[in-house]
Structures are given as C-alpha cells and as structure tokens.
Amino acid sequence: MLIEIKNLPESEIEITGEVSAEDFERAYQRTLKDLNAKTNIPGFRPGYIPENILVEKMGDDALLELAAETALTEAYPKIIQDHKIEAIGRPKITITKIAKKNPLGFKAVTAVLPKINLPDYKKIASEIMAKKENIAVEEKEIDDALEYLRQSAKRKAESGKKQPTGDGTEKNALPEFNDDFAKSFGQPDLAGLKNVLQNNILEDKKIKARERKRMEALEKIAAIAGINVPELLIEAEKNKMLQELKSSIENMGLKWPDYLAHIKKTEEELQKDWKNEAEKRTRYAMILREIAAAEKIEPSAAELESFAEKILSQYPETERRKIDKERLKDYAYGITRNEKVFQLLESNQKAKI
C-alpha cells in the first residue's frame, strides 16, 4: 500500500494513499456477498441473487462507495499501526479515485497526539519536592472537628426529636465534650480523641501538600514542554467531567434535570465553564503518559488485579456482579501508572513536609 504522511497544523496529519486493486476487488466482492444476504428482491432468495440483478438494483456508484467503506475500514487501522501513528478521534476520509478493479485512492485527515519534548522532568520535580513546607494543626481546627462530631452524635441520638428545656421551650440536645463523649467514638478519653483528630488533620494536610507539589511539578514541566493540547482531547475531557458529575449527582439520589434546574445552567453552559480545567487536566495527563513511556513504567497484572479487587470490595455482592471487571482494570491502569510516575518524580528528593 502506497502511503504518504504530511504534518498539518493543530496536531493533525494528512494520510494519502491507495488501496491496491486486488484488495479493493476483494472488498467489493465481500460487499456484494453481504448485500446479497440482506436484500429482498421478488423472485429470488436472499443470498442467491444474481450479481447483475443486485448491481442493477443497488446502482454501480452506491456499490463502489460501500466497497470503498469496507476496504478503508480494514486498511485504516493497519496504516495507523504500521506507521506508529498515535491517532485520536475519527478520521475525515475523502475518496480521491474510485473505479472497479482499480486501486482505490483516498485522503484521511486525523488528529494525533502532539509530540512532546520533555525537559529534565526529574530535576524540575526534585527542586519542587525539596521545598520545605511547615505544616501544623491549629487548636481551632481540632475544636471544629470536635463540634462536627458532636453535631453528628446529636443527629444520630435524637433522630429529629427535641427535648424540653426548663423554660418550656424546646431545643436540640448537644452531648458534652467529656470522656464519655470520646468513648462513643472508640477512644479512652477526650485527650485521646483530640490526639486522633489532630493526627488525622495533620495527615490530610500532608496529603494535600503533596498533591499541590505534584500539580506544581506537572505545570512547570508542561509549561517548558510547550504542549499544544488538541481541541478534540479537550472536548473528550469535558464529556468525561460531565459524566463524572452526573454519576455523582445520581449517587446522591438526585435527578440530573433537577440539579440543572437548581443551578440554572444547561449541560452546554457547564461544559463551557469547564474549558480551562479540562485543558489543564488533559495537559497533565499527556505529561504523565509521556514520562511513563520514557521511563517504561507499566503497572503489573497483579497490581491491576489488586486495585480492581479493592474497588469491588466496597460494593455489596449483588452490585459487584454487575461491574465489568475488565473495564475496571482499564480504569485501574491509568490510576496505577500515574501514581508510579509521581513516585518516580518524588524519589530523587523526598518532599519536606
């Protein structure tokens, strides 16, 4: 197959070429056979219609176009694979030459992942991760956490009921902050509960600080690499964000149309608001993918299996059977691979937090 590839602006390429006359003829005959089996013509059984009768009914041009579609449906994936083209989205294919028992000429324009010239990402990450960040827990944060627990305990204990006060009015009872209160949360005393809350808050702050450094590193690497994110990928990310939000809303027992009515926005308006965030998320994903390829980072089968089992364990048995485990592993692949990349970026210089 004769193929020429030309780079176009905006991360697109143009593929021009020909499908050989032999391959096109084979596609033509397969098209005839498929149509023969599906077409009803009075006086003939499907599958046994003479070729000239079928051609007369369908028309030469229509048959050639269907045969061209068959031929290119088979040829295009092979072209992409043989030439190692990282195509994204559906190609725009134009037929440039078509005739029975002749080569089929075509032109295809498709978006591709842009080439990324990675800077010294290890050095960049090392400098960012090495930044010292003092993290402490304030007394007010512990008090706020205690108050949250107290309000939760009140709602659970009273179940909406109210208790009378001395002046004849009613108010919701609030448990006192004492050792008994702490024991209701599995702690020996109030000091022990405060200590647990302090450690939890501190750990949460450390995780958020690490996440900020990770994002800062990705942003700087991406800025130096000068990535041009294809619009097609941004649109795909916006659609993904929309599905994530829909799922979240429905999991809370709310109806999606009601949510849109409450925020007074359409799906299109939401996605328009998300353009910058979608572009950023896509840019980060491209950097992570490129570093993973450069470092040959791949999650093991055991890691993917473990991740999938951990997620499945969170669902009741009846729901677990409905989940497609292979699709779950595909999701696990991206999460696990990205975590390995971040661990690599952090390995040279542990974050000082």
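Strand 1 and strand 2 form a hairpin with three residues between them. E10, in the turn, has a positive phi of about 60 degrees. Strands here are DSSP runs of E with at least two residues, and helices are runs of H or I with at least four, numbered from the N terminus. The model is predicted, so local features need pLDDT of at least 70 and side-chain atom pairs count only at pLDDT 80 or more, while totals for chains, interfaces and linings use all residues. Residues are numbered from 1 along each chain as its sequence is written, and side-chain values use heavy atoms, with hydrogens and water left out.

Strand 1 (residues 2-8) runs antiparallel to strand 2 (residues 12-19), and seven bridges join them. Two strands pair if DSSP finds at least two bridges between them. I5 has I15 in strand 2 as its bridge partner. E4 stands opposite T16 in strand 2.

The hairpin strands belong to an open sheet of four strands in the order 1-2-4-3, with antiparallel pairing. Strand 1 and strand 3 (87-97) stand at the edges with a single partner strand each, so one side of each is left without a neighbour in the sheet. Neighbouring strands are turned by 20 degrees against each other on average, direction ignored. Axes are lines fitted to C-alpha atoms, for helices over the stretch in contact, and angles run from 0 to 180 degrees between N-to-C directions.

Confidence is given as pLDDT, the predictor's value for each residue from 0 to 100. The protein chain averages 89, and 94% of the residues score at least 70. Among its elements, helix 7 (residues 190-225) has the highest mean pLDDT, 95, and strand 6 (residues 170-171) the lowest, 49.
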